[in-house]
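Me: I should like to understand the terms used to describe this protein. Please set each term against its criterion.

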Amino acid sequence: MTGAARLLDIAVHPVPEGADGPDPEAFLAAARRVREAGGRPRALYLVPDFANPSGKSMTVAARERLLRVAAEADLLILEDDPYGFFVRAGSARPTLKSMDRDRRVLHLGSFAKTALPGARVGYVVADQEVVGPGDRRSLLADELSKIKSMTTVNTSAVAQAVIGGLLVECDCRLRAANAEAIASYGTSLATLLGELERHFPEDRRRELGVRWNEPTGGFFLVVDVPFAADAKALEHSARAFGVLWTPMGDFYAGGGGEHQLRLSCSSPAPDRIVEGVRRLARFIEAAALEAAGPA
Ligand SMILES: Cc1ncc(COP(=O)(O)O)c(C=O)c1O
């Protein structure tokens, strides 16, 4: 999203997340700051469910508040929702689009996780009215579709046919068609959480200054560590301990996440997750010891 904004010369203002993901009050404050500085904020972008990278999700109350905040600040909401189906515990929460009563939300969907990543096919729900020259009225979705076909000379017909075929086969019931995948991703995340707990029981993680969040779905979680989780640490982790993770600092536009790493459990099978956490625990123990210096 930030890359696309850069290409179009659109200014982006990062908004910090709260404990439950995107924070409506923080969005409101940021919109006010931009306006006071002479800017004209137009839209806010967020991943309400099982965000990448944080794994966090918004409560239903926060979703309601966010819709009110967007109305108050006259902002469109870009709801990016590639992970909403992949619930581990509890039930799926309503999308912002399903709660939207005044056409404020653009819902961005992807078939990357529910069908096939290589197809590079997604979709947008954009029911906003656009007024063009001569008072010509059309739907934002139709305008976006024209822009998309001009900038990429359409989406590969073969890729669309593959996704279309999958949709026909499952009677357009993607959630049901993904039941096995949803259960399998849930098992992977539960395995990751269980293994972290096993290697860092409460006393040990308090001693070391290690913590992590417990997402109720999706593929990601974030671990706080007592050392700089940067590219150098990652290289050491990979070379000496044989395990990869992502420095959280890479996800911040203007600093942050320096002592955090993102773990992803979408691809490895549970036995690899068990082994991966074993290696990660050895790396974290060693790096924490080194950061603490001589006793
Ligand atoms: C936040 C977010 N949005 C969207 C996507 C999916 O995008 P695409 O459909 O381009 O693969 C991903 C992951 O791949 C993601 O993490």
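The questions and replies below take several descriptive terms in turn.

Reply: Please keep in mind that this is a predicted model. The protein contains 11 helices and 12 strands.

Me: What makes the protein as compact as a globular protein of its length?

Reply: Its radius of gyration is 21 Å, and the globule rule gives 19 Å for 295 residues. The two values are close, so the protein is as compact as a globular protein of that length. Along the principal axes, its C-alpha trace spans about 75 × 50 × 35 Å.

Me: Why is Asn213 called partly exposed?

Reply: Asn213 has 14 other C-beta atoms within 10 Å. A buried residue needs 20 or more, and an exposed one has 12 or fewer. The count of 14 lies in between, so Asn213 is partly exposed. This residue is found in the loop between β9 and β10.

Me: Which residues does Asn213 touch, leaving aside those up to four places away in sequence?

Reply: Asn213 touches Gly55, Lys56, Leu221 and Val222. Contact here requires C-beta atoms within 7 Å. Asn213 and Ala19 are 194 residues apart in sequence, and their C-alpha atoms are 9.2 Å apart in space.

Me: Why do β9 and β11 count as standing at the edges of their sheet?

Reply: The open sheet has four strands in the order β9-β10-β12-β11, with antiparallel pairing. β9 (211–212) and β11 (246–247) each have a single partner strand, so one side of each is left without a neighbour in the sheet.

Me: How do you know that β9 and β10 pair?

Reply: Pairing requires at least two bridges between the strands. β9 and β10 (residues 220–224) have two bridges, in the antiparallel sense, so the criterion is met. Within this pair, Arg211 stands opposite Asp224 in β10.

Me: How do you know that the reach of helix α8 is close to the expected one?

Reply: Helix α8 (residues 179–199) has 21 residues and reaches 30 Å from its first C-alpha to its last. At 1.5 Å a residue, the expected value is 30 Å, and the reach is close to it. Among the buried residues of α8 are Tyr185, Leu189 and Leu196. The buried residues of this helix pack against β9, β10, β12 (260–264) and α11 (270–292).

Me: What makes the shell around the ligand four parts nonpolar, three polar and one charged?

Reply: The residues around the ligand are Val47, Asn52, Asp80, Pro82, Ser110, Ala112, Pro117 and Gly122. Val, Ala and Pro count as nonpolar and Asp as charged, while the others, Gly among them, count as polar. The shell therefore divides into four nonpolar, three polar and one charged.

Note on methods. Residues numbered from 1 in each chain as written. Predicted model: local features only at pLDDT ≥ 70, side-chain atom pairs only at ≥ 80, totals over all residues. Rg over C-alpha atoms; globule rule 2.2 N^0.38 Å. Near = placed C-beta within 6 Å. Expected span 1.5 Å × (residues − 1). Contact = placed C-beta atoms within 7 Å.
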